Amino acid sequence: MEVVLFGLFSSEDEELYILDCMAYCMIFMAVGVFVILLFEKLRYGRYSDSKYGFPVNAKFAWFVQEMPSFFVPLCLLVWASPAKTSLLPNQLLIAMYIFHYAQRCFIYPFLIRGGKPTPFIPFALAFVFCFYNGYMQIRYLSHYAEYPADWVTHPCFTAGSVLWLVGWVVNVHSDHILRNLRKPGETGYRIPNGGMFEYVSGANFLGEITEWVGFALAGHSVHSSAFAISTIVMLASRAVHHHKWYLAKFEDYPKSRKALIPFLF
Ligand SMILES: NC(=O)c1ccc[n+]([C@@H]2O[C@H](COP(=O)([O-])OP(=O)(O)OC[C@H]3O[C@@H](n4cnc5c(N)ncnc54)[C@H](OP(=O)(O)O)[C@@H]3O)[C@@H](O)[C@H]2O)c1
């Protein structure tokens with residue numbers, strides 16, 4: 001891994017410059033995606049469409065597309081002589097990222113019940129995104145990020161970490177509720193109830209957004225902020241589309257329920 005990085009970059013300054021460019025590029029792309037998603041839906045799950053490529057089995061797609069988010073960081077930590085992993089803030093931020101993706105990669109896909117196949121193009125794009133983001137987040141945190149010695153007691157870090165944890169619990173709990181709407185072998189849809197679904201249609205997305213906003217607050221970098229912005233753009237749009245879909249499909253859908261932000265939106 002170190003040999004690859006030495007081959008790609010002539011100096012650490014150059015690699016850091018590229019990492020910064022990648023973060024700004026992710027923000028720029030998020031703005032573009034935001035505009036596209038005003039007119040289009042993310043084409044997987046209930047909105048899958050064969051014109052976006054041949055269908056990939058849902059469990060296989062989730063396992064493979066999320067894998068770079070776990071293995072790229074792991075390779076960087078083990079084989080790239082990371083210079084900053086002895087520092088507590090860096091360790092905690094890296095742990096948040098890896099913990100999330102260990103669940104998403106090795107547990108979530110195998111619990112899916114009756115998930116719709118993912119068309120190849122969104123599957124491939126998700127794989128590339130996970131590779132890009134895995135490298136950007138963990139290379140920055142493991143080799144470059146420098147925080148004040150008392151950063152872990154700073155209100156930004158503590159509030160961000162709490163948000164990250166609350167978001168993770170909401171995300172995992174909401175995905176659990178969705179999964180249990182189906183008996184083994186079923187593929188249809190029901191109205192989700194309980195947990196944050198009492199307030200919003202996109203409870204799992206609200207949890208995930210809260211997680212990465214917390215991570216950005218705790219990480220205080222353009223890299224973590226870019227990931228939070230990108231997550232907000234993709235998942236807010238999905239929450240709005242799901243909300244409209246539920247209202248059109250179920251006459252008895254709770255009218256007080258919002259799309260993403262309780263009581264507001
Ligand atoms: N960080 C990011 O940028 C990012 C991006 C995308 C997703 N994610 C995360 O990945 C996870 C899955 O995302 P997703 O977009 O696939 O979520 P989703 O559309 O809510 O679907 C999640 C699973 O639940 C099933 N499901 C959803 N609503 C249902 C209902 N009303 N009745 C019965 N089954 C239902 C879906 O089946 P079908 O497949 O048959 O619809 C799918 O298997 C979420 O936790 C999300 O936060 C993160």
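Trainee: Which helices each supply at least two residues of the shell around the ligand?

Mentor: This is a predicted model. In it, helix 7 (155–179), helix 8 (203–219) and helix 9 (222–249) each do so.

Trainee: Which helix gives the most to that shell?

Mentor: Helix 9, with four residues.

Trainee: How many residues surround the ligand, and which are the closest?

Mentor: There are 23 around the ligand. Gly45, Gly115, Leu178, Leu181 and Glu208 are the closest.

Trainee: What does the shell look like by class?

Mentor: Nine of its residues are nonpolar, seven are polar and seven are charged.

Trainee: Changing topic. Where does UniProt put the transmembrane regions?

Mentor: The unreviewed UniProt entry annotates residues 16–39, 60–80, 92–111, 120–140 and 152–173 as "transmembrane region".

Trainee: Take 92–111. What is the chain there, helix or strand?

Mentor: Residues 92–111 are 95% helix and 0% strand. The C-alpha atoms at the two ends of that span are 27 Å apart.

Trainee: And what about 120–140?

Mentor: Residues 120–140 are 100% helix and 0% strand, with 30 Å between the end C-alpha atoms.

Trainee: Now Leu141. Where does that residue sit?

Mentor: Leu141 is in helix 6, which runs over residues 120–144.

Trainee: Is Leu141 buried or exposed, and why?

Mentor: Leu141 counts as buried because 29 other C-beta atoms lie within 10 Å, and the cut-off for buried is 20 or more.

Trainee: What does Leu141 touch, leaving out residues up to four places away in sequence?

Mentor: On that basis, Leu141 touches Asn90, Leu93 and Ile94.

Trainee: How far is Leu141 from Thr85 in sequence and in space?

Mentor: The two are 56 residues apart in sequence, and their C-alpha atoms are 7.8 Å apart in space.

Trainee: Next, the largest nonpolar core. Which of its residues touch the most other members?

Mentor: That core has 48 residues, and the ones touching the most other members are Ile138, Leu206, Trp212, Phe215, Ala216, Ala228 and Leu260. At least two residues of this core come from each of helix 2 (12–37), helix 3 (58–79), helix 4 (88–106), helix 6, helix 7, helix 8 and helix 9.

Trainee: Which helix gives the most to this core?

Mentor: Helix 8, with 10 residues.

Trainee: You listed Leu260. What is Leu260 in contact with, neighbours within four places in sequence aside?

Mentor: Leu260 is in contact with Val200, Gly202, Phe205, Leu206, Ala236, Ala239 and Phe265.

Trainee: What does the second core include?

Mentor: The second core is separate and has seven residues, among them Ala58, Trp62, Phe123 and Cys130.

Technical notes: Residues numbered from 1 in each chain as written. Predicted model: local features only at pLDDT ≥ 70, side-chain atom pairs only at ≥ 80, totals over all residues. UniProt positions renumbered as here; feature names shortened; annotations may be inferred. Near = placed C-beta within 6 Å. Nonpolar A, V, L, I, M, F, W, Y, C, P; charged D, E, K, R; others polar. Buried ≥ 20, exposed ≤ 12 C-beta atoms within 10 Å, placed from the backbone. Contact = placed C-beta atoms within 7 Å. Core = buried A, V, L, I, M, F, W, Y, C linked by C-beta atoms within 7 Å.
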